[in-house]
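Open the model in your viewer and keep the selection tool at hand. This tour moves from one selection to the next.

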Amino acid sequence: MNKTLKLDKTNIEDIVDLTSLQEGILFHYLKDESKNLYFVQLSLEIQGVIKSDYFQKAWNKVVDNNEMLRTVYRWEKLNKPVQVILKEKNVDIRYYDLSKEESTKESEYQKIKLKDSEKNFDLREVPFRLTLCKFKTDKYSLLISNHHIIYDGWSNGIILKEFLNFYNELVTVSTLKINKKTSFKNYLKFNHKPSTEDESFWKDYLKGFELKNVFGLKSFNSIPDNSNNQSHRFSISEDKFSKLNQLCKSQKLTIADILYSAWGILLSKYSGESDILFGTTISGRNIKFEGIEQMVGLFINTIPIRIRITPDKPLISVLKENAKRTLGRGRFENVPLRNILDYSAYKENELIESIFVVENYPLDKENLQHQDELAFKAFSIQETTNYKLTVSALISDEIEISLNYINAYFQKELIENIEKHYIRIIDRIINDNKTAIQSLDLLSDIEKNQLLYEFNNTKADYPSHKTIQKLLEEQILINPESTAVYEGEKKLSYKELGYESDCFAEFLLKNGVKKNDVIPILLDRSVNVIIAILGILKSGGIFLPIDISSPKNRILYILEDSDNKLILTSNEIWNNLSLRGDAIFTEDIFNYKERGLIDSIITSSSDWAYVIYTSGTTGNPKGTLLGQKGLVNYITWANKNYVQGEKLDFPLFTSLAFDLTITSIFTPLISGNGIVIYNESYENEILLNRILDDNKVGVIKLTPSHLKVLKERDNTKLNLEKLKLKRLIVGGEQLNTELAFEIFNKYSEQVDIYNEYGPTEATIGCSICKFDKKRHTGISVPIGRPITNFNIFVLDNEQNLLPVGISGELCIAGVGLAMGYLGLPELTSEKFIEHPFKERARLYRTGDLARLLPDGNIEFLGRVDHQVKIRGFRIELGEIQTGILKYSEVKECVVLCREDQGGEKYLCAYVVSSGQGKKLDESIRAHLSGLLPDYMIPTYIVKLDSIPLTAVCLKTASVSKFKSNFRHFKLFKACLNIT
């Protein structure tokens, strides 16, 4: 808005301040003037013959009688915004005659409604207009559109009654009576000023509440348009409404009490939480101020309501208890939300995820229909707010409920489910309110069948009776002379690989290796390590790959914790790490060329295959034990989906202790393809560029962090016609859609991108989504649907199924589940639980937050605990905190995972320490380098005077990557004094 709108000073009646709520609405308006937030459109059907002159005069009189209908706003070059009340302003009325459009009346009217709703208000002009559409001589539709900043829903009833009275007076006597109303300026003087009692109440009311994002409100769109509101309407029938009124009468409740509690129960069922908070809108007209009930203006207030759900209590008891708490809130309802948020230390969009509005303003259809000249027969309201979900309940003969939502965050199917589930709760309140809430099941049989079976129809044949080494032997028979492994100029055929791994297994057996012995591998990427892995499996052992770049103390812990019988390494690595103890060196093994014992070894698909250590909460890593069946199932599936019968080699360039490396080793070997080994100790970024320059491989498995390297790569010299690369398998972290789109285009849509998801405990991968640039427009690419012989569910805290669109813990079942954690039976029992929907089966609780999409795909939303992924590695923040607290100068510590503006994740440690400046930073880093791998060392170490009791305050500290790594932040006083 560049044009200057000058006001005629002679037409100014008054200049007054804004209320707190008006200031909040103006803030959202100025934040993005192009968005039509807080636009309200009331649609009414009018019966009667309208006299246009009287119609215009009556509305002009309504405007004259209500100062907010002739109010404009100014804020430029002012210390604070003001509202300017004009002396005179003719109402803006647009007329449309649709009476001659016999077949297209309704469609034309809907176009007019839409066009009106899309026309933004300029608050420097009066944000109030009318649109009158003629259908017949005695049938019209009237649109009353306004910006919410000038008046609330209650005001609609006042405005309409006044219009009808003025119109009838003009028709009968042609003169209009003068009505005197209390000035809005007087109300501003009376306006509520929060007291210490108010502050005390709201602090106590919100004390102990923990935020819970019930709907997982992460935008489906890359750039969400918060102004794109949609509406879904349904009703609680007249019969049910009558029964609710009877219940209210007998139990001394209000309809609002029931509607609020029902919404709280719905959110509780969705989230598994018993402490629920959402926003409610109160009329603001319950104060003792003369004439307020007849004033047109914005008097409402949005405040939190806290609903407590006790699952084992009767439903009626919970309703009454919450009604009592709501009643106790009454004295403090006029405290501005801005003040309440200050008391809570939360932002509005953090504390209030949805609001519930009970509209009981005086828009009485019965009274309006008994006018002499004109009658309003039906009405509907459309409104947009800055809230992602607003539930409006309009009480008349029945209860009409409108779900107004921003469709960037809610899909239509979820909104439709909300209707079904809310009605289900209302029905229970009416018909069976003496039973416990925990017995209330929101899901229908159709929904359960979809979640349990339709989305998990993954059963498929795979060589379940074979081991991974047996599948390799079959390839040796089929492709004996084909190259299995490349290492620089060195090549190893399938026949040679089979022979060498047999000899390796023979050596292990001669040295006392028995079935299911864990054998750590301390080797770098090489042909020898492939032989070693296969040799261990053939001997009946379990291989344990260890990253040789890990700190010595971490390696020593893994070696001790794994209870191994022998350690497999090389002289060079053993000496470089200065390790002591018994070890078998590859230099000795590869000179051994005998066979004999191996022929008597019987391995089966029920054997265990390997152990992978990941970060642990105790301060030490934990070992996960994986089996042959799961490995064979996954690799068989990967062969079918990634290789697809083609000649496609895989590169080996990542750590051996990494899940994705298992894919890169075994998938090519069971499909007759080759492993191309890159064993240089360069950063992965350099290796990736080498891999692409070599143009030898057809499939690369990598992380989104690796993918960013491809994004920055100069492809001007790349010959796409000769490019061997066909597929990129991305895993380990959330895949940003924009990044996938850029890579897809960079390679001229010739390279498929697969987003694979799977924790170590589910044998590498358990779900997959092929990137589609037309379908995948959300912020992140979905993690897809379960692969063969896996089932995936989204569950609440009590392991109940959650409906489509609701966030919960992602839980996995299937042939690929790990046996558990080495030496950690309690943790194993906690994470691997009895399958709630299938006998004699297990379920793994991932700790990942996710939601099901309507098509059965799964969207990853983050973590429900303190675990994160950095560069594809799974990290427990507790392990880092434990490591930092071992440093003598650190008294307290909190570690958070944060994101920079580009979406790059990094670790930030907040410490309370007696140490100072850069020296402290360097000392802590040096200390951690002996305990943790480099990817677990925080990027930033922030010194604080004390740790706030809420993470909200820590998140306010902004860390710049363009200055030194050490920052001494003195957080604002309010943060450090939270109690």
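Keep in mind that this is a predicted model.

**Stop 1: the second largest pocket**

Begin with the lining of the second largest pocket. By class, 11 of its residues are nonpolar, seven are polar and five are charged. The volume of the second largest pocket is about 590 Å³. Its lining has 23 residues, and the ones closest to the centre are N789, N791, A813, G814 and K838. Select those five to put the view on the middle of the pocket.

Now colour the elements around it. Which elements each supply at least two residues of this lining? They are α14 (445-454), β30 (790-795) and β31 (808-814). Strand β30 gives the most, with three residues.

**Stop 2: H148**

Go to the loop between β7 (139-147) and α4 (153-172), and select H148 there. Is H148 buried or exposed? H148 is buried, because its relative accessibility is 8% and the cut-off for buried is under 20%. Next, add E383 to the selection. The side chains of H148 and E383 make a polar contact at 3.3 Å.

**Stop 3: cysteines**

Select C133 and C248. C133 has a relative accessible area of 0% and is buried. C248 is buried as well, at 7%. Then look for sulfur pairs. How many disulfides does a search of the whole structure find? The search finds zero. For reference, a disulfide is a covalent bond between the sulfur atoms of two cysteines.

**Stop 4: salt bridges**

Side chains of opposite charge can pair when their charged atoms come close. This structure holds 37 salt bridges. Visit three of them, then a network.

Start with D649 and K647. Their side chains meet in a salt bridge, 3.4 Å from N to O. The two ends differ in exposure: D649 is buried at 9% relative accessibility, whereas K647 is exposed at 53%.

Move to D694 and R690. This salt bridge is 3.6 Å from N to O. Where do the partners sit in helix α23 (residues 684-694)? They are four residues apart in that helix, so about one helical turn separates them. D694 is partly exposed, with a relative accessible area of 27%. R690 is also partly exposed, at 32%.

Now select K711 and E742. Their closest N and O atoms are 3.2 Å apart, and the two form a salt bridge. K711 belongs to helix α24 (residues 704-712) and E742 to helix α25 (residues 737-746), so the pair ties together parts that are 31 residues apart in sequence. K711 is partly exposed, with a relative accessible area of 34%. E742 is partly exposed too, at 29% relative accessibility.

For the last selection, pick D275, R306 and R308. Salt bridges with shared partners join these residues into one network.

**Selections to save**

- Pocket centre: N789, N791, A813, G814 and K838.
- Polar contact: the side chains of H148 and E383.
- Buried cysteines: C133 and C248.
- Salt bridge within helix α23: D694 and R690.
- Salt bridge between helices α24 and α25: K711 and E742.
- Salt-bridge network: D275, R306 and R308.

Key: Residues are numbered from 1 along each chain as its sequence is written. This is a predicted model: local features need pLDDT of at least 70, side-chain atom pairs count only at pLDDT 80 or more; totals for chains, interfaces and linings use all residues. Side-chain values use heavy atoms; hydrogens and water are left out. A disulfide is a pair of cysteine sulfur atoms within 2.5 Å. Buried means under 20% relative accessible area, exposed over 50%, partly exposed in between (1.4 Å probe, protein chains only). On a 1 Å grid over the protein atoms alone, a cavity is a set of points where a 1.4 Å probe fits but cannot get out, and a pocket is an open set with protein on both sides within 12 Å along at least five of seven lines; lining residues have an atom within 4 Å of a point. Grid points are joined across faces, edges and corners, and a volume is the space filled by probe spheres set on the points. Ala, Val, Leu, Ile, Met, Phe, Trp, Tyr, Cys and Pro count as nonpolar, Asp, Glu, Lys and Arg as charged, and the others, Gly among them, as polar. A salt bridge is a side-chain nitrogen of Lys or Arg within 4 Å of a carboxyl oxygen of Asp or Glu. A polar contact is a pair of N or O atoms within 3.5 Å; within protein, one must be able to donate a hydrogen and the other to accept it, and residues adjacent in sequence count only if both atoms are side-chain atoms.
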